[in-house]
Amino acid sequence: MVDNLISSAQNPKIKKILSLQQKSSERRKEGLFIVEGQRELQHCINAGFEIDTIFFCPSILEGYDTEGVVMSLLPEVRNFEVTVDVYNKIAYRGGTEGVVAEVKVKKPALSSLALKENPLIVVLESVEKPGNLGAILRSADAAAADAVIVCDPLTDLYNPNLIRSSIGAIFSVPCVACSSEECIAFLKSKDIRILTAQLQDSELYYDTDMKCGTAIVMGTEATGLTDAWRKAADAHIRIPMLGKLDSLNVSVSAAILLFEAVRQRN
């Protein structure tokens, strides 16, 4: 049902949205995160996430084909109408079509991943920048990767910057957080070949077989991968660097390696 109009940014519900946007500790405590926009919200719903509350601004909705999304949820989800000023206060970015939702967190485990034969997986160790992870998720979606596994993450999977930069791919690609030790054991148990992206003691990526079950493992741009991954690897791969610099942005590297796997498999 639609509840009362919220016209003040001092309303406790509005303060809660802002806190969920800004603090990972609040997201963990409440078990909620924020999603903005029709496209992202629809991906979220399609992925089976449970919507807790929707906040919408009718005058902004009028300019988009979004009202159907909101109205379809009215019978089962709490809805609050907000004024333009309040919406502009809670909107993390512009152009989000007048819809902001509080969504219940899911914590999928490695065991929940449904992998097809010869899966393609991206593994990221200690990823720090939400924007990089979001961009990698977009590439993983485009390459039809089976999963993205984030090991020992330094950012939570429901950071607003991550959701925004992934444009909904955080919902369309199965994404799990775990420790490196857990991930290595999981990949080994599934006979998935581990390819670590590194400059040292490596072969060119296009000379490496990616047609079998494959996990492409990448570390941070600053420090690379830990020894645990280097030792666990079945092969070390590298992208040729022909200029004066010795590294690419991790999201660019992930896209290159993912689409080499696509090329080999098609």
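Trainee: Let's start with the open sheet of four strands: what is its strand order?
Mentor: Happy to begin there, and bear in mind that this is a predicted model. The pairing within this open sheet is mixed. Its four strands follow the order β1-β4-β2-β3.

Trainee: Which strands stand at the edges of that sheet?
Mentor: An edge strand here has a single partner strand, so one side of it is left without a neighbour in the sheet. The two strands in that position are β1 (32-36) and β3 (78-81).

Trainee: By how many degrees are neighbouring strands of this sheet turned against each other on average?
Mentor: Direction is ignored for this value. On average, the turn between neighbouring strands is 20 degrees.

Trainee: Which helix packs on the sheet, and what angle does its direction make with that of β1?
Mentor: The helix is α1 (residues 12-22), and it touches β1, β2 (51-56), β3 and β4. Between the direction of α1 and that of β1 the angle is about 95 degrees.

Trainee: Do β1 and β4 run parallel or antiparallel, and which residue of β4 is the bridge partner of Leu-32?
Mentor: Five bridges join β1 to β4 (residues 99-104), and the two run antiparallel. One of the facing pairs is Phe-33 with Val-103. For Leu-32, the bridge partner in β4 is Lys-104.

Trainee: And on the β2 side, what is the bridge partner of Phe-56 in β4?
Mentor: β2 is also joined to β4 by five bridges, again in the antiparallel sense. As for burial, five of the six residues of β4 are buried, so this strand is largely enclosed by the rest of the structure. The β4 partner of Phe-56 is Val-99.

Trainee: Moving on, which strands does β8 pair with?
Mentor: β8 (residues 193-197) is joined by four bridges to β10, running parallel, and Leu-195 stands opposite Ile-216 there. With β11 (residues 235-238) the pairing is also in the parallel sense, over three bridges, and Ala-197 stands opposite Ile-237. The partners are therefore β10 and β11.

Trainee: Is Thr-208 buried or exposed?
Mentor: Thr-208 lies in the loop between β9 (203-204) and β10 (214-218). Its contacts beyond four places in sequence are Arg-193, Leu-195, Glu-203, Ala-235, Ile-237 and Gln-264. With a relative accessible area of 3%, under the 20% limit, Thr-208 counts as buried.

Trainee: Which side chain does the side chain of Thr-208 make a polar contact with?
Mentor: The contact spans 3.3 Å, side chain to side chain. The partner of Thr-208 is Glu-203.

Trainee: Tyr-206 is in that loop as well; what is its relative accessible area?
Mentor: Tyr-206 touches Pro-240, Glu-260 and Gln-264, leaving out residues up to four places away in sequence. Glu-260 is 54 residues away along the chain, yet the two C-alpha atoms are separated by 6.7 Å. Tyr-206 is partly exposed, with a relative accessible area of 38%.

Trainee: Which residues of the largest nonpolar core touch the most other members?
Mentor: This core has 47 residues, and helix α12 (residues 250-265) gives the most to it, with five. The residues that touch the most other members are Leu-133, Leu-137 and Val-148.

Trainee: How many residues make up the second, separate core?
Mentor: Among its members are Leu-110, Ile-192, Ala-215 and Leu-225. The size of this second core is 21 residues.

Notes:
Residues numbered from 1 in each chain as written. Predicted model: local features only at pLDDT ≥ 70, side-chain atom pairs only at ≥ 80, totals over all residues. Heavy atoms only, no water. Buried < 20%, exposed > 50% of the residue type's maximum accessible area, 1.4 Å probe, protein only. Polar contact = N/O pair within 3.5 Å; in protein donor to acceptor, adjacent residues only side chain to side chain. Contact = heavy atoms within 4.5 Å. Pairing = 2+ DSSP bridges. Axes fitted to C-alpha atoms, helices over the stretch in contact; angles between N-to-C directions. Core = buried A, V, L, I, M, F, W, Y, C linked by side-chain atoms within 4.5 Å.
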